[in-house]
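Please find below a note on the model under review. It is arranged as numbered points, to be read beside the sequence and the coordinates.

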Amino acid sequence: MNIPAAASAPPARRLHGTIVAQTPVSSSMHRVEFDLREHVPFLPGQFCMLNLAGDLSLIFARPFSILATTGSRLALLYKVVGRGTARLREAAVGAPVTCLAPLGRPFPAPDPRPRLLLAGGVGLPPLLAWEARWGRPRDLCCAGGRDGGDLPWDLLGPAWRTSVDRAVALPAERPAFAGNVVELARSLLPTGAPPHVVLACGPPPLLRAAAALAAERGWDCLVSVEERMGCGYGVCRGCVVPRAGGDGYATACKDGPVFDVLDLDWARIGGGGGA
Ligand SMILES: Cc1cc2nc3c(=O)[nH]c(=O)nc-3n(C[C@H](O)[C@H](O)[C@H](O)COP(=O)(O)OP(=O)(O)OC[C@H]3O[C@@H](n4cnc5c(N)ncnc54)[C@H](O)[C@@H]3O)c2cc1C
Ligand code: FES
């Protein structure tokens, strides 16, 4: 399936700005908003390379999917997993940042086929952005979390169905399927359901399960991969992923992060095991 080239998306710019808001949105996730002094147009699935400036700056910027932009404001969702995200969490309103954006190949705009959105963990922001920009009532949007506390309920509008590994800490009147997000989708789209195009973002096991579902049904499937990155624009080759058929490597930052699932060699991504 055709994925828009990065070149057809808005050009990347290096921007300087400040943090204007930091809010916890679940037990594990924070929403941070920056004022970058100019508008950053983006397409859902694109990301930015973010660094803190001054005392908190890191040698390498870190990649984050763009959740939303409004005027000169750009918002992300993040989880603290290591040094960079811990520093981001510590940074107060007013802290200076640098941001290279927008980067990478986005998810394509919709066609008449309904979409099945499958988001796990920090795979949620690009699919929230897709749904906000292009979502239609016939699309099915599924977000999975570890438990009820892990999901950012206030950001999940009525279009979103949810799944949890452990059915604890669920808010009143917000039911969630007990199981993973692909099992949730299978329960809502039994065999014989109309063909959907799958858009998935999350850890490799989720992407593999999404690929397996799409392969069984004969549906197209696009995934966004979250590799470690150095530069974010195709120079360092720190983010390569193996192409299918032994056809060399693609860069996640420039050739992706969105790929047709058939274009990658899943036996060699994220710990092995076929798609
Ligand atoms: C295109 C893209 C979009 C992303 N979007 C988001 C987002 O919207 N929100 C968000 O919270 N995170 C997102 N990530 C992941 C994010 O970049 C990493 O969590 C972040 O770089 C970790 O930095 P750190 O310094 O805190 O962790 P480090 O100290 O660098 O690493 C801590 C631990 O996290 C692991 N880790 C680091 N980077 C990644 C990664 N990319 N994927 C899997 N494991 C990793 C390391 O192996 C290590 O175990 C995205 C990654 C990519 C490539
Ligand atoms: S991060 Fe440098 S080539 Fe992809």
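The points below go from the overall fold to the two sheets, the helices and a few backbone details.

1. Overall dimensions. The model is a predicted one. The chain has 275 residues and a radius of gyration of 18 Å, which agrees with the value near 19 Å for a compact globule of that length. Its C-alpha trace spans about 55 × 50 × 35 Å along the principal axes. Buried residues account for 44% of the chain. Among contacts with a separation of 6 or more, 62% are between residues 24 or more positions apart.

2. Secondary structure. The chain contains four helices and 16 strands. One open sheet of seven strands is antiparallel, and another open sheet of seven strands has mixed pairing. The two are taken in turn.

3. The antiparallel sheet. Its strand order is β4-β3-β7-β1-β2-β6-β5. β4 (62–65) and β5 (68–70) are the edge strands, each pairing on one side only. On average, neighbouring strands here are turned by 35° against each other, direction ignored.

4. Pairing within the antiparallel sheet. Strands β1 (residues 13–24) and β2 (residues 29–35) run antiparallel and are joined by six bridges; four residues lie between them, and the two form a hairpin. A21 has E33 in β2 as its bridge partner. On to the next strand, β2 pairs with β6 (residues 73–79) over seven bridges, in the antiparallel sense, and F34 stands opposite L74 of β6. Three bridges then join β6 to β5, again antiparallel, with T69 opposite L74. L74 thus faces F34 and T69.

5. Helices on the antiparallel sheet. Helix α1 (residues 83–90) packs on this sheet and touches β2, β3 (47–52), β4 and β6; its direction makes about 125° with that of β6. Helix α2 lies across β4, β5 and β6, running at about 140° to β6.

6. The mixed sheet. Here the order is β11-β10-β9-β8-β12-β13-β16. β11 (177–178) and β16 (258–260) stand at the edges with a single partner strand each, so one side of each has no neighbour in the sheet. β8 and β12 run parallel and are joined by five bridges; L117 stands opposite L199 in β12.

7. Helices on the mixed sheet. Which strands of this sheet does α2 touch? Helix α2 (residues 124–134) touches β8, β9 (140–145), β12 and β13, and its direction makes about 150° with that of β8. As α2 also lies across β4, β5 and β6, this helix has contacts with strands of both sheets. Helix α3 lies across β8, β9, β10 (160–164) and β11, at about 145° to β9.

8. Helix α4. This helix (residues 204–217) has 14 residues and reaches 20 Å from its first C-alpha to its last, close to the 20 Å expected. Its buried residues are L206, L207, R208, A209, A210, A211, L213 and A214. They pack against β8 (115–120), α3 (181–188), β12 (197–201) and β13 (221–224). The list of buried residues includes an arginine, R208. Just after the helix, G218 takes a positive phi of about 75°.

9. Cis peptide bonds. Most peptide bonds are trans. In this model, the bond from A101 to P102 is cis, with omega near -5°, and P102 is found in strand β7 (residues 96–103). A cis peptide bond also joins G256 and P257, with omega about 10°; P257 is in the loop between β15 (249–251) and β16.

10. Positive phi outside glycine. Most residues other than glycine have a negative phi. R37 has a positive phi near 70° and is found in the loop between β2 and β3. R237, also not a glycine, has a positive phi of about 60°; its place is the loop between β13 and β14 (240–242). Are these two residues buried or exposed? A residue counts as exposed if 12 or fewer other C-beta atoms lie within 10 Å of its own. R37 has 10 such neighbours and is therefore exposed. R237 has 12 and so counts as exposed as well.

Technical notes: Residues are numbered from 1 along each chain as its sequence is written. Chains are lettered from A and ligands numbered from 1 in the order in which they are written. This is a predicted model: local features need pLDDT of at least 70, side-chain atom pairs count only at pLDDT 80 or more; totals for chains, interfaces and linings use all residues. The expected span of a helix is 1.5 Å times one less than its number of residues. A residue is buried if 20 or more other C-beta atoms lie within 10 Å of its own, exposed if 12 or fewer, and partly exposed in between; C-beta atoms are placed from the backbone. Two residues are in contact if their C-beta atoms, placed from the backbone, lie within 7 Å. Two strands pair if DSSP finds at least two bridges between them. Axes are lines fitted to C-alpha atoms, for helices over the stretch in contact, and angles run from 0 to 180 degrees between N-to-C directions. The radius of gyration is taken over C-alpha atoms; the globule rule is 2.2 Å times the number of residues to the power 0.38.
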